[in-house]
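Reader: I have a chain open here and want to go through it bit by bit. Can you help me read it?

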Amino acid sequence: MRSGGKRDSLAFLSKRETLWAFINTEGKRDHKSAFWREGNGYMSMTVKTPFGVLPDGRAVEQYTLRTGGLSCDILTYGGAIRALRVPDRNGSLVDVLLGFDTLEDYVRQDKYIGALVGRFANRIGSARFSLEGAEYPLAANNGLNHLHGGILGFDKQIWAVEEAGTGTLTLSLLSPDGQEGYPGNLRVRVTYTLTEEGLTLRYHAETDKTTLCNLTNHAYFNLSGHNSGPVTDQTIQILADAYTPSGPGSIPMGTVADVTGTPMDLRRPSAIGAQIDSPFPQLRQAGGYDHNWVLDGCGGTPRFFARAASAVTGITMEAATTLPGVQFYSGNFLEGCPAGKGGAPYGKRWGFCLETQFFPDSPNKPQFPSCVLHPGEAWEHTTAYRFKSV
């Protein structure tokens, strides 16, 4: 992994705390585990509860992390972040993530809402790639192309709980050699850490055979509240000078284009809906924003790359990553998914995504940063979100 230029850094560092209580209770229907830490003026807690059972009998659990005024719910199904509650300008908690109330709805939906995505996030053109002289055909689950790891990608897997602590959760997954067409046994670990400032995701992966690795989280944000309607009045800022234009099927053409003078120039805060329906060909083709922006460098310390805000709640979110790209998706095709939490009728542009990543179709575009992972190497990246209200 290569380090790039410097931008403002976000450091989401846990404060030194003292463990003061552990409770574990079991009942016939419910099983809850709780961890508390207290220190430096705030309390952290993690609680485990059942969330449902799959048709094959496997149980799914929900872990709720609480630190200070923030809390989030994470499922072992797909590693999905089901909810993220942050205080608005009046101190009231607002759930800023789209999600569902039942496991059945997570299984039914096809929008990857809140889920961990892999083995390769985003698209691979013509559903195939070559690696070390061998060609690997993949499932064409997005027209002629391969999307988000295939039919049974990481978003459809039950992740194991490797460690649950105060304000932190580590999930792990073994993706066996040949799963969805990818070579090598890939061992993945994702650690979620909630602090009083925000949520951090740290990714780690290793393989026993040369393979591809491109992991992300597909959270849909709505800073006015998950049930508040379209996000087009919310502002977005992406500190990127270039993006990768796409052709048919949203497959990058292999070039990098300057954003200057186009609706892709989001270097200054702008309403998401300000130019989303303009006749700019890239936006018309994708039905809105659904493109990869080129960020400043790869690896090293997470670099600040985006800011979003809601005038309704006063909530501002800042994002940082070590990855070289981000797919800004304006939720153009959310129609048809099940009703959300509390019956919210999620529809077109009710949420936006900031999917940090290696570039789409990079296995077939040698001019793009490489996501090839070799035995003996570690794929390690971080994406972090920080919240405040004004």
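Reader: Which residue stands opposite Ala257 in β21?
Author: Tyr243 does. Tyr243 belongs to the neighbouring β20, residues 242-244, which pairs with β21 in the antiparallel sense over two bridges. Two strands count as paired if DSSP finds at least two bridges between them. A strand is a DSSP run of E with at least two residues; a helix is a run of H or I with at least four; both are numbered from the N terminus.

Reader: Before we go on, where do the numbers come from?
Author: This is a predicted model: local features need pLDDT of at least 70, side-chain atom pairs count only at pLDDT 80 or more, and totals for chains, interfaces and linings use all residues. Residues are numbered from 1 along each chain as its sequence is written, and side-chain values use heavy atoms, with hydrogens and water left out.

Reader: What is the strand order in the open sheet with β20 and β21?
Author: The order is β21-β20-β23-β26-β27, with antiparallel pairing. β21 (257-258) and β27 (353-357) are the edge strands, and each pairs on one side only.

Reader: How many helices and strands are there in the protein chain?
Author: Two helices and 29 strands. Of its 390 residues, 60% count as buried. Buried means under 20% relative accessible area, exposed means over 50%, and partly exposed lies in between (1.4 Å probe, protein chains only).

Reader: What is the order in the nine-strand sheet?
Author: β13-β14-β15-β16-β29-β25-β24-β19-β22. This sheet is open and antiparallel too. β13 (160-165) and β22 (270-271) have a single partner strand each, so one side of each lacks a neighbour in the sheet.

Reader: How do β13 and β14 connect?
Author: They form a hairpin with two residues between them. Gly167 in the turn has a positive phi of about 70°. Five bridges join the two strands, which run antiparallel. One bridge pairs Gly165 with Thr168.

Reader: And what joins β14 to β15?
Author: Eight bridges, again antiparallel, between residues 168-175 and residues 186-194. Leu173 in β14 has Val188 as its partner in β15.

Reader: Why is β14 called largely enclosed?
Author: Because six of its eight residues are buried.

Reader: New topic. Is Thr67 buried or exposed?
Author: Buried, with a relative accessible area of 1%. Thr67 sits in β4, residues 59-67. A polar atom of its side chain lies 2.9 Å from the backbone oxygen of Leu194.

Reader: What is the volume of the largest pocket?
Author: About 480 Å³. Of the 24 lining residues, Tyr112, Arg123, Asn142, Leu147 and Tyr329 are closest to its centre. α2 (281-286) and β26 (325-329) each give two or more residues to the lining.

Reader: What counts as a pocket?
Author: On a 1 Å grid over the protein atoms alone, it is an open set of points where a 1.4 Å probe fits, with protein on both sides within 12 Å along at least five of seven lines. Lining residues have an atom within 4 Å of a point. Points are joined across faces, edges and corners, and the volume is the space filled by probe spheres set on them.

Note on methods
Polar contact = N/O pair within 3.5 Å; in protein donor to acceptor, adjacent residues only side chain to side chain.
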